[in-house]
Amino acid sequence: MDFLVGFTIFIFSLIIVANMVPSLLVGLQRTTSIDYDAVAYRTAVILAEDPGEPTEPDRYMAGDSKPWDFYTPAQILGGQPAGSSVRFGLAVSRENPNILSQRRINRFFDDAFEVNNYQQYRKSLIFGQIAYGFNITLTRLNNQPVLSVGSPYPEGRYGYIRRYVKIKEYSSATITNKTPPQTPPRFHAVTEYMPPNSQYQYFRVSLSGPQLYKRTEGGVDKFIYSPAYVIDPTQDNITVNLGLEGFLNNSHVNPDAFADLDTRLIPSDTAAWAQNCDDPLNEICSLPTSNPYYQGTPPNFASLRSITIQDSTGNIFNDLIVANGGTITVVYHDPLTDTMKPLANLNPPAPQPAVPVGKWVNLSISSIPDVILDQTKGLDIVYQFGEDPRYIDGMAAYVPRTLISGTLLYDYNTANVTQPALFPGILEVAIW
Amino acid sequence: MVNTHGQLYTMEGIAAGVVMILTAYMVLGSTSVYTPGDTHITDMQLEQVGADVLKIMDAPTNFNATENATATSELETFVYNNQGPQFLERFWRDFLMTGNIAAQQTTGEGSSILASATVYYYDRSEGQVKSYRFADPLIPYPGGQPGVTVTRFVKVPGIGSMPINPDPEDTGPRIVLLEVFIWKA
């Protein structure tokens with residue numbers, strides 16, 4: 001009896017002492033007190049300090065491996081790139097933490113990843129077995145819209161981290177003629193023969209890989225531009241805003257140009273001139289009253305024939321850029337309606353009529369593939385302007401509308417190009 | 001209560017056993033200490049935010065292609081020209097921006113954060129690391145919670161306006177350590 005009592009007491013005490021050893025009884029999965037702050041911190045580090053996976057192994061060289069933001073969201077959701085899994089990351093490179101790439105930001109915050117309750121974010125950014133709720137917000141401190149992905153903040157406990165970052169903006173070039181040409185003579189004489197290549201006026205913007213990516217010093221090639229400041233058309237957008245007002249041949253809208261009409265003189269544009277009439281009731285003078293040039297000077301315009309992206313041998317890469325996921329977007333100013341319109345067909349086959357372009361042609365190119373632009377290659381953006389000839393007595397005559405020519409070097413010269421600048425922003429990650 | 005051999009009778013024995021076990025339980029239970037984890041995480045957030053702000057203040061907005069070098073960052077300008085109050089105003093205002101952010105937050109940061117800054121430099125003539133007070137807190141408030149320190153090495157092109165006794169042989173570019181102490185009031 002005593003033995004039983006003593007043994008019972010001993011067993012009870014052994015059980016109670018065993019209860020005090022915590023490692024025997026702690027659950028393998030703590031669902032009540034997960035450190036959400038730690039998960040938020042880890043997620044913020046992956047976003048702000050890492051360029052993601054896959055990333056380009058050879059900078060500024062054509063290669064098979066493309067960075068993850070080269071692929072569109074539809075391709076990433078479909079399993080691209082084949083053979084490797086995607087990890088999101090917004091930094092421009094491993095060596096530049098807290099400096100974010102604009103294209104990666106646009107890809108990351110794309111609406112297409114909302115499918116399946118943001119499954120792609122859990123798979124490629126947050127990781128872990130638990131289906132965390134999350135909210136990732138990027139606030140740019142230069143009055144741009146706030147970008148946000150995920151669910152709204154919950155009522156209860158959540159983990160939170162804030163990172164300060166700088167965002168690399170895109171470069172752009174704006175070309176205007178600050179000193180417009182002098183008023184040309186009142187008429188243009190017919191010339192007997194115009195060489196064919198003077199029918200068209202060309203303006204080029206030169207993207208030269210060797211100039212953008214490296215410099216040779218003492219026979220050694222160096223990458224001299226940090227990824228935070230480099231102009232890299234394969235990763236960032238290139239924007240060219242061409243302001244044509246200063247480059248137009250004003251004789252086309254100079255009423256005095258037709259004061260002394262001679263049969264040997266070509267009226268620049270009889271249709272435009274006819275619109276500039278004093279008598280609005282005259283049939284050929286009727287412009288709709290909505291036209292801003294009603295009863296005024298008809299709008300002057302250039303005749304844009306094509307915009308092509310070419311290399312030095314004349315190969316045109318417009319289709320290749322689009323086929324590889326890039327975009328070429330052009331909006332131009334329509335002189336008759338005074339609005340900006342998109343230009344759909346950039347390289348129409350001849351003999352398409354030229355598009356009348358008034359004040360601006362704004363071109364934006366994204367994601368140029370590195371097979372056509374790397375540290376050994378260059379590209380030109382070629383604008384072709386020109387009119388079809390008028391024939392007088394069997395002779396072709398041209399009166400150019402555009403007086404533009406030359407090449408703009410798109411490089412680090414601040415006089416020509418607005419350089420990529422860094423603007424601060426705040427990245428906030430919340431996990432629950 | 002005890003029999004002739006000194007053993008406890010059963011009931012008393014059980015009671016004694018229970019008393020001993022309860023005592024042991026209370027002794028062992030009293031050694032556990034509750035550590036509030038929230039304070040620690042907030043401090044890490046503060047330290048991370050401070051380090052981030054120093055990092056982005058040290059990243060120049062543009063690249064200076066003509067000199068083939070990055071342009072001067074604003075942090076370098078502040079230290080070189082010994083503009084402590086302006087530096088702190090900028091640093092503190094970047095914190096203060098948190099109050100304007102659209103995202104909901106419950107950490108209550110913003111006006112209750114204070115900071116002060118010190119610069120450490122190496123004096124070659126005396127062979128020592130010395131320091132000078134770079135910026136005092138904008139609100140003279142002595143109290144507060146334990147703070148965090150964030151530091152950054154800043155490269156300056158020379159002495160500038162820094163209160164450093166210039167060694168005649170040592171007036172070239174140098175590295176100084178900027179230390180910012182941040183705490184919550």
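This is a short chat about helix 5 and some salt bridges in a predicted model.

Student: What should I know about the setup?
Tutor: The model is predicted, with local features needing pLDDT of at least 70 and side-chain atom pairs counting only at pLDDT 80 or more, while totals for chains, interfaces and linings use all residues. Residues are numbered from 1 along each chain as its sequence is written, chains are lettered from A and ligands numbered from 1 in the order in which they are written, and side-chain values use heavy atoms, leaving out hydrogens and water.

Student: What span should helix 5 of chain A have?
Tutor: 16 Å, because its 12 residues (115-126) count 1.5 Å each, taken as 1.5 Å times one less than the number of residues. The end C-alpha atoms are 16 Å apart, which agrees. Helices here are DSSP runs (H or I, at least four residues), and strands are E runs of at least two, numbered from the N terminus.

Student: And what comes just after helix 5 of chain A?
Tutor: Phe127(A), with a positive phi of about 60 degrees.

Student: Switching topic, how many salt bridges over all chains?
Tutor: 17, where a salt bridge is a side-chain nitrogen of Lys or Arg within 4 Å of a carboxyl oxygen of Asp or Glu.

Student: What does Arg94(A) pair with?
Tutor: Asp50(A), at 3.4 Å, N to O. The two sit 44 residues apart in the chain.

Student: Is Arg94(A) buried or exposed?
Tutor: Exposed, because its relative accessibility is 52%. Asp50(A) is at 10%, so that one counts as buried. Buried means under 20% relative accessible area, exposed over 50%, partly exposed in between (1.4 Å probe, protein chains only).

Student: Which residues are linked in a network of salt bridges?
Tutor: Glu49(A), Arg163(A) and Asp52(B).
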